[in-house]
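Trainee: Before we begin, could you show me the sequence and the structure that we are going to discuss?

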There are 2 protein chains.
Amino acid sequence: MDIKVTPCSDNQRKPIPTDDNALGFGRLFSDHMFLMNYDPDRGWHNARIEPYGPLSLDPASMVLHYGQEVFEGLKAYRGADSSVRLFRPRDNYERLNRSCERLVIPPVDVDLMVEATKQLVMLDKAWIPRSEGCSMYVRPTIIAIDPFVGVAPSQTYLCYIIVGPVGAYYPEGFNPVGIWASADYVRAVRGGMGEAKTGGNYAGSLKAQAAAKAEGYSQVLWLDALERKYVEEVGTMNIFFKINGTVVTSPLTGSILPGITRDSVMRLLTHWDMPVQERMLTIDELFAAGADGSLEEIFGSGTAAIITPVKEIAYKGDKLSVGDGTTGPVAQRLYDSILALQYGTGEDPFGWSERIDG
Amino acid sequence: MDIKVTPCSDNQRKPIPTDDNALGFGRLFSDHMFLMNYDPDRGWHNARIEPYGPLSLDPASMVLHYGQEVFEGLKAYRGADSSVRLFRPRDNYERLNRSCERLVIPPVDVDLMVEATKQLVMLDKAWIPRSEGCSMYVRPTIIAIDPFVGVAPSQTYLCYIIVGPVGAYYPEGFNPVGIWASADYVRAVRGGMGEAKTGGNYAGSLKAQAAAKAEGYSQVLWLDALERKYVEEVGTMNIFFKINGTVVTSPLTGSILPGITRDSVMRLLTHWDMPVQERMLTIDELFAAGADGSLEEIFGSGTAAIITPVKEIAYKGDKLSVGDGTTGPVAQRLYDSILALQYGTGEDPFGWSERIDG
């Protein structure tokens, strides 16, 4: 399928931000967006890049009532040599299709979506920040648009991609965070849709997140919904624990988002011959490891921050401090290595970084 | 707050359907809609009724990514005397506010929402069908509209109400349905958002619903997520079982939608001195009651169909047939009584029916 491009007129263009320190995250979007429609007769069709602008949606659109929606998040990076790179984009679109499968949304063509991402990013490449740690965030989304208030899969869908510049998560170096394990709220349960990247998983998390913030913590550590004791994931990150020299993370039980950065972390650790284990870990075991000194590091992984060191966990009034509260060597090495891969300055044994400028 | 009304021009008006048998459900909407905005400075403001038309939403609007959305469903009825009635509208808006609380959305003023519903329904009263069993469906909705792709409660919201004519669910009398208990998928879990009327609960149900349809069943019977054995609710209905003369339904454990029709059913049964019990009931107990003859009736309750008799349950390859497959006397009496209340032809000991025409 060809992608029809309708560029902005000059007077439609927005000013490109010049201060990379003021970019923040998720509030600025570039001049164009990619769009594509689905109906049962034509399948996915009318792939196009147009000026960024509001969507016109019937108030009965199913996405607004029944949450039939999936999305992805990835980034485009500008290297010191001005090259432009994507990081594992096919993995994002393959995960998007797994989310579609769970939400009964027709799958997209991965090659087409990667091509659309490249064309959109290159058309708006002037928006990719140049500062270390800054990048262009790419948000592919699919929404159900039948104007029908009945509970059934939609017949029509809109797929779109928007992009925008985002700042460095840690412009002044790492800032280890405290996380708060929720005893009352859960994120997802096996048999539910926790492994899909879909709105409802995030909507359900907002109340616990507000509780965490009220206690002074930046994110929620989710425990499993069945026994309320196994650590699963954190807010918008997967989570890793280095205990007695082994890095442990929760297995993909069906209620956990299969993070692409999570996978990158595990494969890098294996590549470095560092022991890494997917296994169930209880919050009690974690606190015990903190007490007996075997807990060496905790860090989260995700697209936005890459690696987030954790300095403290709160649970039912108890607090677990990790080391001396500074960033551990494994977290630092992972961050440096993945960042180097993304900007094209490091060795890329896995072929994860894809240069897309000419 | 005053509601500013901007009526349609004559050429904006759509033709009002004349064949009540062809109305269906959820596909037709009237000429106007109610809208109201929220921001932190002004709170809910700019309450207005305008011509029905598309919403202009930024593609980054939070509802499209993180599913921060809640809704309600109620109906307006036209009596044989041309009177127009709502049924328990305050209960719907009070539940809307409980959904808001779970989804971290600012609550609405219940009195204002009831007033908005009345004004909108009366402005478009020519759209209310006159045939027995037909009505005007009312869909209040609140969506998060910050153009921000970050996981945090939105700062801005749009509340709207759309209305449209809907047909009789059973134009030729009851049609008892078969339901399919899902062994693989679950709808919600305690600590999640199952008791809120929000998109994610419905999005997560679509895949199991497709599986039920593929097996020839119209809806899914959900079992609890923790032990996978207690019957909780059905697709878009709560569910009741008459066993040994007592009508049993699941208690509101936190993972179940607190249906207003569910409440009407329980209060009517109590009013009639019929034993009714909220208690946990396992699927095995249900099949055993079917085998020993103590299972007398099964029926669902919901706004769309009021009462839906169930003739068969399938679970892991086993089938449970209920009685002779016809509608039981309790289901029939409840349906007739609630219908009479809604159309203003029956005794209304609870004051549930509210006449809104002049």
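Mentor: Contact here means heavy atoms within 4.5 Å. This is a predicted model, in which local features need pLDDT of at least 70 and side-chain atom pairs count only at pLDDT 80 or more, while totals for chains, interfaces and linings use all residues. Residues are numbered from 1 along each chain as its sequence is written, chains are lettered from A and ligands numbered from 1 in the order in which they are written, and side-chain values use heavy atoms, with hydrogens and water left out.

Trainee: Is V189(B) buried or exposed?

Mentor: V189(B) lies in the loop between β10 (177-181) and α4 (199-203) of chain B, where helices (H or I, at least four residues) and strands (E, at least two) are DSSP runs numbered from the N terminus. Buried means under 20% relative accessible area, exposed over 50% and partly exposed in between, with a 1.4 Å probe and protein chains only. Because its relative accessibility is 5%, V189(B) counts as buried.

Trainee: Which residues of chain A is V189(B) in contact with?

Mentor: Neighbours within four places in sequence are left aside, and the contacts of V189(B) then include A225(B), L226(B) and S255(B) of chain B. From chain A, the residues in contact with V189(B) are V186(A), V189(A) and A225(A).

Trainee: Which relation do chain B and chain A have?

Mentor: Copies are superposed by least squares on the C-alpha atoms of residues with pLDDT of at least 70 in both. A turn of 180 degrees and a shift of 0.0 Å along the axis lay chain B on chain A with an RMSD of 0.0 Å. Therefore the relation is that of a two-fold axis.
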